[in-house]
Amino acid sequence: MDTDIQSELDKIKSEALAALAKPETKPEEFEHRYLGRKGLLRDLTQKVGALPTEKRGEAGRLINELKNTLTQALADQKSKLGATAQPAAKSTIDLTLPGDRKHIGHLHPVYQTMYDISDVFIRMGFDVVYGPEIETPYHNFDALNIPSDHPSRDNFDTFYLADTNYKYLLRSHTSPVQIRAMKERKPPLSLITVGKVFRPDTPAPSRYPMFHQMECLMVDTDISFAHLKGVLDIFCKEFFGPDTKTRFRPSFFPFTEPSAEVDISCVICGGAGGSCGLCRGEGWLEILGAGMVHPKVFEAVGYDPEEYTGFAFGMGIERAALLKYGINDIRLFTENHLRFLNQF
Ligand code: DAH
């Protein structure tokens, strides 16, 4: 083997591999300098012709070997670059364009309201429990002392499930969860429940066949109406704002005695009334029904009404949200227009 060619090959090899390892070496220039038509290896090939015949084969083989080594090294380097800097430099991506905003959703305002309400009660130490949306007439009505001739039991006021032979219905309020919870637990208990309720109403600004309610129940040996007033006052101040006042008006519910309807001072005029459009000059907004648990309800769940007393109240979630956020149509909650939902 011609030592000249051998040492030149060694020199070219170490120089080429060192060059390739440098980031500033451009692949095209490398190819041109070592492997191209006018490259260093081509020069060497031409020198082979000047060698004695018996040495030409070996010299040619060595040159070819180096050519293959460098070609492979270049390809490796290119694919490495391809995975990093290369595409950014060559691509047509305009990094100055505004990004593709990812749309991150959020809770529906009804659920947000439900969680906000629950939070207030959780902070006061109440448990949150849930009950089924498909109920028996017993839990929805009888155990709550709602007699069989009560109009709310009518077909026009309740969705009965025909395919269960009218044995089940879609609960028309969250009050049956009181019954289930009292049967499962023993006093003292303080709990709330939230969830969907159903009534066959035609959609209108203040009515919808499906809506949500929350229900509160507190039972112990000495619970009085004062506890009810205290808890409701704290809740209304926390949820509607610290200046909110509450007002109790006598009312009737079969499952409470005495019963009351509770108003809050108007969230718009603060109770001033006058020409306020929301409270129609009344200064007050009706917000929920409440009362002391009826002895017959205690009997239905096996609690001794001589031993225990309790209070309960129930409130529409949508109504609370309508009042808090000044929304004028309950149907907006289910129409799902993003212009509406994105405001929350
Ligand atoms: N269940 C009643 C309704 O849907 C609301 C209600 C009133 C719940 C008084 C109560 C209560 O717990 O004590 O209209």
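**A tour from the ligand to Thr-244**

Begin at the ligand in this predicted model: select Ala-312, where a polar backbone atom lies 3.1 Å from an oxygen atom of the ligand. Next, select Phe-313; one of its backbone N or O atoms is 3.5 Å from an oxygen atom of the ligand. Then display the side chain of Ser-175, which places an N or O atom 3.0 Å from a nitrogen atom of the ligand. On its own, the ligand has 360 Å² of accessible area, of which the protein covers 89%.

Expand the selection to the whole shell. It comprises 15 residues, and the closest are His-173, Ser-175, Arg-199, Gln-213 and Glu-215. By class, five of the shell residues are nonpolar, eight polar and two charged. Colour the strands β5 (210-220), β8 (284-293) and β9 (309-316): each contributes at least two residues to this shell.

Proceed to the largest nonpolar core, which has 42 residues. Among the members that touch the most others are Phe-235, Phe-311 and Phe-313. The element giving the most to this core is α9, with seven residues. A separate core of 22 residues includes Leu-144, Met-182, Val-219 and Ala-312.

Now centre on Phe-235. Beyond its sequence neighbours up to four places away, Phe-235 touches Ile-117, Val-120, Phe-121 and Met-315.

Finish at Thr-244, in the loop between α9 (225-240) and β6 (246-253). Is this residue, Thr-244, buried or exposed? Thr-244 is buried, because its relative accessible area is 6%, under the 20% limit. A polar atom of its side chain lies 2.6 Å from the backbone oxygen of Gly-241. Leaving aside residues up to four places away in sequence, Thr-244 touches Cys-236, Lys-237, Ile-264 and Ser-265.

Notes: Residues are numbered from 1 along each chain as its sequence is written. This is a predicted model: local features need pLDDT of at least 70, side-chain atom pairs count only at pLDDT 80 or more; totals for chains, interfaces and linings use all residues. Side-chain values use heavy atoms; hydrogens and water are left out. Helices (H or I, at least four residues) and strands (E, at least two) are DSSP runs, numbered from the N terminus. Buried means under 20% relative accessible area, exposed over 50%, partly exposed in between (1.4 Å probe, protein chains only). A polar contact is a pair of N or O atoms within 3.5 Å; within protein, one must be able to donate a hydrogen and the other to accept it, and residues adjacent in sequence count only if both atoms are side-chain atoms. Contact means heavy atoms within 4.5 Å. A nonpolar core is a set of buried Ala, Val, Leu, Ile, Met, Phe, Trp, Tyr and Cys residues joined through side-chain atoms within 4.5 Å. A residue is near a molecule or strand if one of its heavy atoms lies within 4 Å of it. Accessible areas come from the Shrake-Rupley method with a 1.4 Å probe; for residues, only the protein chains shown count as cover. Ala, Val, Leu, Ile, Met, Phe, Trp, Tyr, Cys and Pro count as nonpolar, Asp, Glu, Lys and Arg as charged, and the others, Gly among them, as polar.
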